[in-house]
Amino acid sequence: MITSSNNSIDTLELFDEGVPSNFVYATMEEIDKEVGGIADDPHRHNYYTVIWPVNATGSHLIDFKEYRIENNAIFFVSPQQVHQVITGQSPIGHVILFTPEFLNKNSIKEDFISNLKLFKKADETPPLPVSAEKACRLSLFVNEIAQAYNSDSPMKLEVIGSYLKLFLIECNNLCTLPENYNTQRAEVE
């Protein structure tokens, strides 16, 4: 849902089935179906975004820099960064959206995110390549997040918060970007 505009780029707030939310999990398939396979316009969020393409093609613009979408290369987008996802047909993957309030409600300190090497500012947000072995381990956490999210458990948000923190720690520790990581711009077709 569009809530404000900044320099003609919309800023989106986080909603779950029309209700304001602090956390949403979705699959790339669900989002693609919801938008009818049409790419979104460049926009900002007031929340953190993790996009993990498992089997997808296309490009992802972050702060107007274009990155190729590759399997098992995870994108971390900070609040207020401009981004646009353009995928090929039938993308498969995970999308995790959470607000700073979600972190706070789950006793995750504010500096936790800033101490990670994952969420950066403009020109510092290439996708994070993940080996098959590491993807298998990270999948355990994401599957637990998805299962809890789709449950009716009275403490599901606490479960999600725990697995989200573990997922982010694993990404930070196991999948750190080398100092000289050379990002490749997606080829414009």
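**Exercise 1. Find which elements each supply at least two residues of the lining of the largest pocket, and describe that pocket.**

Step 1. The elements are β2 (9-12), β3 (15-16), β5 (23-27), α1 (28-34), β7 (48-55), β11 (83-87) and β12 (92-98). Helices (H or I, at least four residues) and strands (E, at least two) are DSSP runs, numbered from the N terminus. The model is predicted: local features need pLDDT of at least 70, side-chain atom pairs count only at pLDDT 80 or more, and totals for chains, interfaces and linings use all residues. Residues are numbered from 1 along each chain as its sequence is written, and side-chain values use heavy atoms, with hydrogens and water left out.

Step 2. With five residues, α1 gives the most to this lining.

Step 3. The volume of the largest pocket is about 1,200 Å³. The lining has 42 residues, and the closest to the pocket centre are I31, E34, V35, Y47 and L97. On a 1 Å grid over the protein atoms alone, a pocket is an open set of points with protein on both sides within 12 Å along at least five of seven lines, a cavity is a set where a 1.4 Å probe fits but cannot get out, and lining residues have an atom within 4 Å of a point. Grid points are joined across faces, edges and corners, and a volume is the space filled by probe spheres set on the points.

Step 4. By class, the lining of the largest pocket holds 23 nonpolar, 10 polar and nine charged residues. Ala, Val, Leu, Ile, Met, Phe, Trp, Tyr, Cys and Pro count as nonpolar, Asp, Glu, Lys and Arg as charged, and the others, Gly among them, as polar.

**Exercise 2. State what lines the second largest cavity.**

Step 1. The whole structure has two cavities of 30 Å³ or more, and the second largest holds about 30 Å³ of space.

Step 2. Its lining consists of P42, L61, I62, D63, F64, V82, H83 and Q84. Two or more of these residues come from each of β8 (58-62) and β11.

Step 3. Five lining residues of this cavity are nonpolar, two are polar and one is charged.

Step 4. D63 sits in the loop between β8 and β9 (65-68). Although D63 is not a glycine, its phi is positive, about 50°.

**Exercise 3. Explain why the pair F98 and F119 is edge-to-face, and place both residues.**

Step 1. The structure contains nine aromatic pairs. Rings of Phe, Tyr and Trp (its six-membered ring) pair if their centres lie within 6.5 Å; planes under 30 degrees apart count as stacked, over 60 as edge-to-face and the rest as tilted.

Step 2. The ring centres of F98 and F119 are 6.2 Å apart and the planes stand at 85°, so the pair is edge-to-face.

Step 3. F98 belongs to strand β12 and F119 to the loop between α3 (110-115) and β13 (128-129), so the pair ties together parts 21 residues apart in sequence.

Step 4. F98 is buried at 0% relative accessible area, and F119 counts as buried at 8%. Buried means under 20% relative accessible area, exposed over 50%, partly exposed in between (1.4 Å probe, protein chains only).

Step 5. Ring pairs also link F23, Y25, F102 and Y149 into a cluster.

**Exercise 4. Decide whether E17 is buried or exposed, and locate it.**

Step 1. E17 lies in the loop between β3 and β4 (19-20).

Step 2. The relative accessible area of E17 is 79%, so E17 is exposed.

Step 3. Phi of E17 is positive, near 55°, in a residue other than glycine.
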